[in-house]
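Colleague: Please pick one part of this model and walk me through it closely. I am new to this, so explain each term once as you go.

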Amino acid sequence: LHHLQLPHFLCRQSRRLSRRLAAFLDPYLTVTVAEHDGGGRIRRSEAYKEVQAYLQRATMDATGGVRHLTASPARDSDPDRLVLSMDKGEEVADVFRGATISWLASASPPTDDDSLARRAASRAAGRRLYRLSFLERHRDLVLGEYLPYVRREGRAAMVKDRQRKLFTNISGGSYDSDEIWSASSWSHVVFEHPKTFETLAMDPGKKKEIMADLDAFRSGKEYYARVGKAWKRGYLLYGPPGTGKSTMIAAMANYLDYDVYDIELTSVSSNTDLCKLFIETTSKSIVVIEDIDCSLDLTGKRTTSNKKKDTAAAGDGGHRKDGDRKEDDGSSKVTLSGVLNFIDGLWSACGGERIIVFTTNHVEKLDPALIRRGRMDKHVEMSYCGFEAFRFLAKVYLDVDAHHLFDDVAALLKEVDMTPADVAENLTPKGPGEDADSCLAALVEALEEAKEKALAKKKAKEEAANEDGDVDDD
Ligand SMILES: Nc1ncnc2c1ncn2[C@@H]1O[C@H](COP(=O)(O)OP(=O)(O)OP(=O)(O)O)[C@@H](O)[C@H]1O
Ligand SMILES: [Mg+2]
């Protein structure tokens, strides 16, 4: 009993001592699960994450043994809840079929031959680990059954507690759940886009088709394994600005419950960096490259890296020496071949379900190699607002199913190209006095205006063409 009166620190020490003593009588075995396994520090080990999730749950259940906990906010569906995990140096005991297993959260100590700099680096990187110890006679039980059980449970907890994230490569690194800076190429924010397929206006048939496609992909693990394909799928979304390409990506992520990795190609400095970025993406994610035609020079041959060089090489009398120059001028960017490699080679090497999405406003500019099936399996055209899409928006924005102005709108939409974005904007009530009638009237007005503008433009073009013709004739 006087144990309890001892300061906590001594208490812990004595517990540790007694365990050591016991180890002489019945030896303990230990297993270490490190945050970063293998040689590189590229990926966090899956096992570590699973153990962490398992222990988080365990500490919530029985906070008994653990006195120092780290709290971090849980997923935002419940803003008041905190997720508790063990502090460094804390131990928690778990009982599995009569065997007691104790988990110690710790950070790997620097080894003696480490230089100071290396030691500092490893501290900064926080080489954390979990060490579990158990009695030798429980060896088979723990290794054969308990550990797989922990991983399974941990995975389940992770899925349940998953906070969807939006990653970008614009500034590398971010704080992870334990407030430790991890120097990754990706930084993330919590992904909370409200768009779902329910609020995305497009042809209902097309929408259903896409959702079915996503469903088939998600549940297609066996299929992909059987036919020997990597579990991935490429989407190409193309269409004019404001037709909902980015919105569609958000809807897809919400539908599948995947993370989104948004690659800004212009801030990737080389093909190697692109590979690195890719390796750091996790399973169950959507990798997005927006406006692929703007961020990549697609006009050159697969080996050329940018336009400047192209013209310089052409000036050389057609002798191209891209290979050597690329490294020199420092401006070398990601090349088409780099992106192709990224899609095929590397991609297939990383297991797990991934979707890659390209968006573009100019599908005709893209290199056929980039968008052939197998790379971009599904091409989806996002087009101007049709009547079906309009009806959908009217229902979502104004909650009307039918209205006498619908016929006018239908006729006008056939003649005028208006993006869903513009239609949605017109259907948004601008003030307290606005209702469905005034919003629809405003839309009709906007459509008529757009029609006149288009007509005037056409006329001006024709006139210009005629004048040109006259000049040429002279
Ligand atoms: N089909 C749609 N259904 C509902 N809302 C839409 C749709 N298309 C566009 N919008 C609305 O219009 C806005 C712009 O759409 P979005 O950013 O998806 O366009 P985009 O196709 O990605 O354009 P860009 O080519 O310029 O990137 C969004 O805020 C979205 O709410
Ligand atoms: Mg967009």
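Modeller: Here is one strand, followed by the parts that can be reached from it and a few others.

First, the ground rules. This is a predicted model, in which local features need pLDDT of at least 70, side-chain atom pairs count only at pLDDT 80 or more, and totals for chains, interfaces and linings use all residues. Residues are numbered from 1 along each chain as its sequence is written, while chains are lettered from A and ligands numbered from 1 in the order in which they are written.

Now the overall count. The chain has 18 helices and 15 strands. Both are DSSP runs numbered from the N terminus: helices are H or I with at least four residues, strands are E with at least two. Of the 474 residues in the chain, 26% are buried. Buried means that 20 or more other C-beta atoms lie within 10 Å of the residue's own; exposed means 12 or fewer, partly exposed is in between, and the C-beta atoms are placed from the backbone.

Our part is strand S11, residues 232-238. Seven of its seven residues are buried, so S11 is largely enclosed by the rest of the structure. In a regular strand, side chains alternate between the two faces of the sheet. Look at both faces of S11. Lys232, Gly234, Leu236 and Tyr238 lie on one side, and Arg233, Tyr235 and Leu237 on the other. Both faces are covered, and all of these residues are buried.

Which strands pair with S11? One is strand S14 (residues 354-360), which runs parallel to S11 and is joined to it by seven bridges. Strands count as paired if DSSP finds at least two bridges between them. Find Gly234 and look across to S14: Ile356 stands opposite. Strand S15 also runs parallel to S11, with four bridges. There, Tyr235 has Lys378 as its bridge partner.

Follow S15 a little further. The strand spans residues 378-381 and includes Glu381. Glu381 has 12 C-beta neighbours inside 10 Å, so it counts as exposed. Setting aside neighbours within four places in sequence, Glu381 is in contact with Tyr238 and Gly239. Contact means that the two C-beta atoms, placed from the backbone, lie within 7 Å. Gly239 is 142 residues from Glu381 along the chain, but their C-alpha atoms are separated by 5.8 Å. The whole chain has many such links. Among its contacts between residues at least 6 apart in sequence, 73% join residues at least 24 apart.

Now turn to strand S13, residues 285-289. Five of its five residues are buried. Ser285, Val287 and Ile289 are on one side, with Ile286 and Val288 on the other, and both faces are covered. S13 runs parallel to strand S12 (residues 259-263), and five bridges join them. One pairing to find is Ile263 with Ile289 in S13.

Just before S12, look at the loop between H8 and S12, where Asp257 lies. Its phi is near 65 degrees, a positive value in a residue other than glycine. Asp257 counts as exposed because it has 11 C-beta neighbours inside 10 Å.

Helix H8 leads us to the ligand. Helix H8 (245-256) and helix H17 (420-427) each give two or more residues to the shell around ligand 1. The shell has 15 residues, and Pro241, Gly244, Ser246, Thr247 and Ala421 come nearest. A residue is near a molecule if its C-beta atom, placed from the backbone, lies within 6 Å of it. By class, eight are nonpolar, six polar and one charged. Here Ala, Val, Leu, Ile, Met, Phe, Trp, Tyr, Cys and Pro are nonpolar; Asp, Glu, Lys and Arg are charged; the others, Gly among them, are polar. Domain 2 (168-296 + 333-381) and domain 3 (387-473) each supply at least three shell residues. Those bounds come from an automatic or database domain assignment.

Last, step into helix H15 (residues 387-398), where Glu388 sits. With 17 C-beta neighbours inside 10 Å, Glu388 counts as partly exposed. Beyond its neighbours within four places in sequence, Glu388 is in contact with Asp203 and Pro204. Pro204 is 184 residues away along the chain, yet the two C-alpha atoms are separated by 7.5 Å.
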